[in-house]
Amino acid sequence: MRRFIARNAPAYAFLTPWLLGFFLLALGPILASLYLSFTRYDMVNAPRWVGLANYEYMFTRDRRFWKALNVTFTYVALAVPARLIMALGVAMLLDKGLRTIGLYRAIFYLPSLLGASIAIAILWRQLFAADGVVNAVLGYFGIQGAAWITNPDTSLYTLVVLAMWQFGSPMLIFLAGLRGIPKDLYEAAEIDGTPKWRQFTRITLPLLAPVIFFNLVLQTIEAFKTFSSAFIISNGTGAPADSLLFYTVYLFNEAFKFFRMGYASALAWVLLIIIAIFTAISFLTSKYWVHYENERD
Amino acid sequence: MTLAHEMEEAAHVAHELRVKRDQRARMGRLLKHLFLISVSIVMLYPLLWLLASSLKPENDIFGSLTLWPTEFQWHNYVDGWHGLPVSFTTFYINSTIVTVLSVIGNLISCSFAAYAFARLQFTGRTFLFGLMMMTLMIPYHVVLIPQYVQFLRLGWVDTYLPLVVPRFLASDAFFIFLMVQFFRQLPRELDEAAMIDGCSPFKIYWAIILPLSLPALGTAAIFSLIWTWEDFLAPLIYLNDIKSYTVPLALRLFLDQEGQSSYGQMFAMSVLSLVPVVIAFIMFQKLIVRGIATSGMK
């Protein structure tokens with residue numbers, strides 16, 4: 001017994017802050033949030049158990065919940081592929097034989113680093129305003145621009161463009177992945193006279209699949225959690241006409257504006273389950289489309 | 001025709017082919033650069049526009065693509081600094097306090113946990129490591145509400161404790177993961193030799209592991225700095241008193257004042273809010289790029 005303690009004591013001493021954090025800031029709150037999701041709770045009165053009522057209301061009667069899901073899924077479906085395609089395209093251009101790669105890499109990465117800033121969200125509102133820069137550029141080509149931010153038909157796309165502008169971090173991961181592909185594969189293909197696009201589909205894509213998969217999962221989870229830019233650009237409400245009612249914005253407002261903490265907890269749990277399902281599907285299906293180098297099939 | 005002559009001819013043709021190929025390669029490189037330069041301009045233009053607008057007179061800002069101001073309005077910066085009921089001096093001090101404490105907290109607590117996971121043998125290691133990895137997946141929004149209720153009960157709302165204390169409890173599992181990956185690569189013999197010499201685990205952590213892990217610690221520190229500086233959601237929830245606002249919250253106040261012809265000031269303060277991030281980026285560019293590529297952050 002004493003030896004058991006002596007063996008484990010140092011490790012647990014090092015783990016103490018994390019263990020405290022895990023119980024107090026992760027496990028505890030998750031369970032509490034699950035409990036609250038079955039209650040009505042306004043922070044003033046004690047939580048009152050209502051069973052599945054929150055979930056029932058959410059799925060059967062809450063139009064804004066469905067709207068928020070719709071906005072978020074549309075955003076994920078557009079922004080993630082757009083960002084990844086940009087990232088892969090630019091990474092491939094940078095991969096081969098450029099001495100100035102460092103400078104380009106830095107320029108392309110900077111927007112990603114600044115992307116979460118409120119300053120950038122404010123900037124985006126002005127760029128896509130009716131009298132903003134984007135319309136000035138379009139006017140140059142004789143195109144009558146829209147009031148992108150205030151028109152519910154177009155407002156979401158301004159955020160997709162913002163996401164595309166920030167392709168830097170998946171680009172860096174793609175670059176690291178491209179470095180790992182042996183160059184003699186391309187040389188051999190070149191000698192065989194294989195056309196470029198075939199080299200891309202037969203060498204680059206299959207060998208890069210694990211990295212693509214990694215980026216896809218990571219970026220999708222990130223996209224589901226989009227908050228600050230949507231909050232700022234929509235004035236904190238999801239306006240115009242709820243077209244920017246991102247799931248997290250809706251959740252925030254339910255919790256901290258209307259103090260429907262029980263309902264917001266139910267919303268949070270649905271988000272957790274969506275992300276968990278997505279992650280599980282990606283991992284379960286990955287064996288069909290991700291081939292690691294050391295595997296033979 | 002002599003053989004020598006033929007060979008000379010052949011060499012000539014080969015030379016011509018090589019010149020052509022080089023020319024095509026040079027042409028390709030040129031096109032690639034032209035393309036990359038135009039992408040760079042598109043990437044940088046919004047940032048330059050922000051910078052330019054911060055110096056322009058009000059009626060110059062909108063609908064104008066030109067970056068050069070007709071007249072430099074340096075006073076936007078001075079006016080913006082004092083443009084809110086509380087001056088930006090306070091906001092910058094607040095942001096600095098929160099950021100510095102968060103970085104310190106993350107470095108200490110995450111390196112502690114990472115050292116245990118990466119270098120020490122103990123009962124339950126695999127299980128706890130699995131738990132730690134699972135917390136990486138959990139969206140912050142799930143723990144947000146109970147945490148808020150808890151911190152409210154503790155009387156911590158409107159203080160920096162809800163923003164800072166979690167950092168000392170290794171709440172950013174991502175940094176633990178990053179450091180574990182790094183610590184694992186260090187040769188085992190180091191610890192073993194030190195252990196035989198009678199070093200305690202803490203001594204090994206402090207005198208051997210940490211000094212060898214400066215790249216990992218640096219990466220974690222910089223990202224911790226940038227993310228805390230830019231963080232909007234947590235301050236939005238926990239800080240109500242304008243005197244305790246961080247810079248991002250203060251910027252949002254400008255939006256509520258819209259129409260009072262304060263665009264120039266708003267842009268000026270936006271530019272200033274990006275300065276720490278840009279400086280960190282320029283100084284530690286190599287480290288940041290390596291950190292991203294090996295670990296897959298944001």
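Contact here means heavy atoms within 4.5 Å. With that in hand, here are some notes on this predicted model, chain by chain and then residue by residue.

1. Let us start with F128(A) and its contacts. Leaving out residues up to four places away in sequence, F128(A) touches V134(A), A147(A), W148(A), I149(A), T158(A) and V161(A). F128(A) sits in the loop between α5 (118-127) and α6 (133-140) of chain A. One of its partners deserves a second look: W148(A) is 20 residues away along the chain, and the two C-alpha atoms are 5.5 Å apart. Is F128(A) buried or exposed? Its relative accessible area is 8%, and the cut-off for buried is under 20%, so F128(A) counts as buried.

2. Chain A as a whole has 13 helices and two strands. Its C-alpha trace spans about 75 × 75 × 35 Å along the principal axes. Of its 297 residues, 53% are buried. If you take the contacts in chain A between residues at least 6 apart in sequence, 67% of them join residues at least 24 apart.

3. The surface of chain A is worth a glance too. About 14100 Å² is accessible, and carbon and sulfur atoms account for 66% of that. Chain A carries 24 positive and 16 negative charges, whose mean positions lie 7 Å apart.

4. Helix α2 of chain A (residues 53-60) has a nice pattern: N54(A), Y55(A) and M58(A) are buried there. Why do they count as being on the same side of α2(A)? They do so because the arc they cover around the axis is only 95 degrees. The general background is that an α-helix has 3.6 residues a turn, so residues three or four places apart point the same way.

5. Please look at the loop between α11 (228-233) and α12 (247-256) of chain A, where P240(A) lies. The peptide bond from A239(A) to P240(A) is cis, with omega near -5 degrees. N235(A) is also in the loop between α11 and α12. Although N235(A) is not a glycine, its phi is positive, at about 60 degrees. With a relative accessible area of 46%, N235(A) is partly exposed.

6. A positive phi also turns up at F259(A), where the value is near 55 degrees in a residue other than glycine. F259(A) belongs to the loop between α12 and α13 (261-289) of chain A, and its relative accessibility of 36% makes it partly exposed. As a reminder for this point and the previous one, most residues other than glycine have a negative phi, and most peptide bonds are trans.

7. Turning to chain B, we find 15 helices and zero strands. Its radius of gyration is 28 Å, whereas a compact globule of 298 residues would have one near 19 Å. The C-alpha trace of chain B spans about 100 × 70 × 35 Å along its principal axes. Buried residues make up 50% of this chain. Among its contacts between residues at least 6 apart in sequence, 70% join residues at least 24 apart.

8. Chain B exposes about 14700 Å², with 67% supplied by carbon and sulfur atoms. Its 20 positive and 20 negative charges have mean positions 8 Å apart.

9. Finally, a residue to inspect in chain B: N94(B), found in helix α4 (residues 88-119). N94(B) is buried, with a relative accessible area of 6%. Setting aside neighbours within four places in sequence, N94(B) contacts Y160(B), K243(B), S244(B) and Y245(B).

Technical notes. Residues numbered from 1 in each chain as written. Chains lettered and ligands numbered in written order. Predicted model: local features only at pLDDT ≥ 70, side-chain atom pairs only at ≥ 80, totals over all residues. Heavy atoms only, no water. Helix = DSSP H or I, 4+ residues; strand = E, 2+ residues; numbered from the N terminus. Buried < 20%, exposed > 50% of the residue type's maximum accessible area, 1.4 Å probe, protein only. Rg over C-alpha atoms; globule rule 2.2 N^0.38 Å. Areas by Shrake-Rupley, 256 points an atom, 1.4 Å probe, with all protein chains shown as cover. Lys, Arg positive; Asp, Glu negative; His and termini not counted. Charge placed at Lys NZ, Arg CZ, Asp CG, Glu CD. Arc of directions from axis to C-beta.
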